[in-house]
Amino acid sequence: MKHKVIKFFLDFVKEECWLNEMSAKGLQLVSVSYPQYVFEEGEQGEYMYRLELLEHWPSSVEGRAYLRFVEDSGTECVDTWWRWAYFRRKASEGSFDLYTDTTLKIKHYARIVTVAGVGAAVNAAFCIFYIGILHISPFLLAPSGLLALLLAGVTWVHWGRLRKLKEAGRVRE
């Protein structure tokens with residue numbers, strides 16, 4: 001039986017934890033069309049999930065090559081949404097991480113901060129231009145303004161984690 005759940009996240013780590021909690025309850029992810037998640041009933045704790053903001057679009061040559069590389073390592077790509085990839089592996093095979101060293105984690109967080117930060121800036125500039133120069137009603141631009149705020153929140157959360165990772169990397173050196 002399929003279950004559809006609508007849920008919003010600003011933090012991919014919390015989203016990943018939630019997907020693993022759902023797996024522990026016996027609900028396994030089968031597709032994503034953010035913010036809608038579709039689950040099928042399965043064994044409790046059957047899979048472990050990891051998320052990644054890909055460097056390239058999943059449909060690009062580089063993106064497809066990377067997804068094949070990850071799948072060749074024994075990890076399944078359940079679905080992609082935008083540039084996000086939703087990976088899983090059987091829990092019986094042990095835990096897995098997509099990034100095993102700090103440098104790669106830093107690059108991943110930097111990618112999230114860059115994409116979300118640029119998106120926030122573009123949407124904020126769009127709102128300022130249309131309200132300030134063209135005198136368009138702010139109510140008409142509410143969705144773009146809200147998106148700018150949400151992306152700014154994503155940037156803030158992941159920038160904080162990026163900063164901590166960089167500081168931890170300096171301590172180890």
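**Close-up views of strand β6 and two pockets**

**View 1. Strands β5 and β6 pair in the antiparallel sense.** In this predicted model, strand β5, made up of residues 76-81, is joined to β6 over five bridges. Within this pairing, C77 has F87 of β6 as its bridge partner. The two strands form a hairpin with two residues between them, and there W82 takes a positive phi near 55 degrees.

**View 2. Strand β6 also pairs with β4.** Strand β4, which covers residues 47-53, runs antiparallel to β6, and the two are paired over seven bridges. One position to look for in this view is E52, whose bridge partner in β6 is A85.

**View 3. Strand β6 is largely enclosed by the rest of the structure.** The strand spans residues 84-90, and six of its seven residues are buried, that is, they have under 20% relative accessible area. It is because of this burial that β6 can be described as largely enclosed by the rest of the structure.

**View 4. The largest pocket holds about 610 Å³ of space.** Its lining is made up of 21 residues, and those closest to the centre of the pocket are Y34, W81, W84, L151 and V154. Two or more lining residues come from each of α1 (12-24), β6, α3 (102-133) and α4 (142-172), so that strand β6, seen in the earlier views as a partner of β5 and of β4, appears here again as part of a pocket wall. Among these elements, α4 gives the most to the lining of the largest pocket, with five residues. Sorted by class, the lining of this pocket has 17 nonpolar residues, together with two polar and two charged ones.

**View 5. The second largest pocket has a volume of about 300 Å³.** This pocket is lined by 20 residues, and nearest its centre lie E52, Y66, V70, L98 and Y99. The elements that give two or more residues to this lining are α2 (61-72) and α3, with α2 providing the largest share, five residues. By class, the lining of the second largest pocket has eight nonpolar, five polar and seven charged residues. The residue E52, listed here among those nearest the centre of the second largest pocket, is also the one that has A85 of β6 as its bridge partner, and helix α3, which contributes two or more residues to this lining, does so for the largest pocket as well.

Technical notes:
Residues are numbered from 1 along each chain as its sequence is written. This is a predicted model: local features need pLDDT of at least 70, side-chain atom pairs count only at pLDDT 80 or more; totals for chains, interfaces and linings use all residues. Side-chain values use heavy atoms; hydrogens and water are left out. Buried means under 20% relative accessible area, exposed over 50%, partly exposed in between (1.4 Å probe, protein chains only). Helices (H or I, at least four residues) and strands (E, at least two) are DSSP runs, numbered from the N terminus. Two strands pair if DSSP finds at least two bridges between them. On a 1 Å grid over the protein atoms alone, a cavity is a set of points where a 1.4 Å probe fits but cannot get out, and a pocket is an open set with protein on both sides within 12 Å along at least five of seven lines; lining residues have an atom within 4 Å of a point. Grid points are joined across faces, edges and corners, and a volume is the space filled by probe spheres set on the points. Ala, Val, Leu, Ile, Met, Phe, Trp, Tyr, Cys and Pro count as nonpolar, Asp, Glu, Lys and Arg as charged, and the others, Gly among them, as polar.
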